[in-house]
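Trainee: Could we take a close look at one part of this model, and then see what lies around the rest? I'd like to go through it step by step.

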Amino acid sequence: MNIAIVGTGYVGLVSGACFAETGATVTCIDVDKQKIQNLINGEIPIYEPGLDELVVKNINAGRLKFTTSLAEVLNNQQIVFTAVGTPPDEDGSADLKYVLQVAKTIGENLNKYIVVVTKSTVPVGTSHKVREAIQSELDKRGVNVKFDVASNPEFLKEGNAIKDFMSPDRVVIGVESENAKKLLTRLYKPFLVNNFRVIFMDIPSAEMTKYAANSMLATRISFMNDIANLCELVGANVNSVRAGIGSDTRIGRKFLYAGCGYGGSCFPKDVKALIKTAEDNNYSLEVLKAVERVNAQQKGILFKKLQNRFGANALKDKCIALWGLSFKPETDDMRESTALVVINKLIAAGCKVKVYDPEAMKECKSIIGENVTYSLNMYDAVEGADALMLLTEWKEFRLPDWERIGNLMKNKIVFDGRNIFDNDDLTEHGFEYHCIGKK
């Protein structure tokens with residue numbers, strides 16, 4: 001089966017490599033010539049565990065190809081996926097210019113039946129715009145070529161994307177014709193041996209499902225962070241509360257961990273976009289607006305604790321070490337990362353900032369520049385520090401040598417933004433410990 005995927009970002013590249021692994025012949029397309037050349041050479045532009053090996057394996061097997069021209073390969077495909085970016089506009093709405101540009105290119109060059117599948121996260125109604133853009137170009141050319149559009153939103157977790165793709169909880173597909181359903185069923189047939197569900201539905205419902213799913217997860221995070229902040233005020237322990245409510249089968253345990261806010265490429269953008277979609281339809285999503293406000297406040301919670309500890313006007317020239325820069329472990333992605341908020345607040349307060357992250361140092365340098373000190377490792381970061389802040393729960397941070405750290409730091413003070421450390425353990429080593437949701 002021949003398929004094309006337009007866009008070699010996180011979603012497009014992972015999807016292309018995984019489809020190729022199941023035996024499909026996949027052509028990935030991107031306008032960035034250097035990026036495509038690097039991919040042909042086996043150089044991966046993002047960090048995702050296992051992705052580099054999977055890409056190289058399928059390039060060598062001849063199942064995964066890369067090009068800069070959709071027009072040249074379009075009419076050799078049965079299915080074309082759009083996996084280009086949909087960045088938020090200033091008003092929070094998703095910018096569809098790249099999605100519609102792909103549709104325009106398809107309409108300008110299409111000579112045979114294909115299914116055009118939107119995999120990018122897009123607002124409800126986008127598939128209608130895609131259909132109109134393609135048909136408009138066909139009409140200009142005076143040709144009558146049938147095509148179908150479909151929606152196949154992704155539910156990949158960064159750091160676990162390959163497993164999520166190969167063994168998904170579910171695959172959601174919105175279609176409007178039996179022919180499109182038949183082709184997409186054939187494409188996903190290799191995954192059926194794992195007994196997962198392919199859920200077919202209408203296209204608007206598929207488009208809404210993606211936003212609703214991410215918004216629900218974001219809601220659980222912000223809800224738990226709100227509860228955690230109240231726990232501190234009343235003397236409760238948020239970890240005990242989480243265990244208590246998570247054992248209720250109606251609620252479950254996932255996404256109930258208190259912390260210093262969510263980030264990444266999905267949750268913030270999708271919450272904003274769904275709020276904007278509601279506003280465009282004269283409706284106000286009050287719960288999601290609160291979710292967004294709580295998350296914005298939570299990203300500053302560790303800085304607030306730092307101010308309370310040292311005094312709001314006493315932070316100048318304090319040396320603060322940060323462990324973790326990416327928005328979550330197992331990725332170098334810093335989009336909407338809590339670290340960016342914390343760093344900016346620390347710099348504005350006159351602090352000296354030393355940072356370390358296993359994968360996101362290069363990305364941080366491209367965003368923050370030389371305004372912070374980039375450390376060689378986690379221990380180098382804490383040398384001479386007045387306090388340590390844990391922002392991302394990378395595995396290598398979970399069992400540090402506290403005795404060594406205590407000898408390196410100026411003040412033995414730890415602010416744990418992900419609640420991964422043990423209070424008794426740190427107290428035993430003479431540390432002052434601050435976390436989320438416990439006094």
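Trainee: Which helix does N38 lie in?

Mentor: Happy to help! This is a predicted model, where local features need pLDDT of at least 70 and side-chain atom pairs count only at pLDDT 80 or more, while totals for chains, interfaces and linings use all residues. Residues are numbered from 1 along each chain as its sequence is written, and side-chain values use heavy atoms, leaving out hydrogens and water.

N38 lies in helix 2, residues 33-40 (helices are DSSP runs of H or I with at least four residues, strands runs of E with at least two, numbered from the N terminus). With a relative accessible area of 23%, N38 is partly exposed (buried is under 20%, exposed over 50%, partly exposed in between, with a 1.4 Å probe and protein chains only). From N38 to F66 the C-alpha to C-alpha separation is 9.8 Å, with their positions 28 residues apart in sequence.

For another helix residue, take L233 in helix 9 (residues 203-234): L233 counts as exposed because its relative accessibility is 68%.

Now for the strands. Six of them form an open sheet with parallel pairing, in the order 11-10-9-12-13-14 (strands pair if DSSP finds at least two bridges between them). Strand 11 (373-374) and strand 14 (432-434) stand at the edges, each with a single partner strand, so one side of each has no neighbour in the sheet. Further in the order, strand 12 (residues 387-390) pairs with strand 13 (residues 413-416) in the parallel sense over three bridges, and L390 stands opposite D416 in strand 13.
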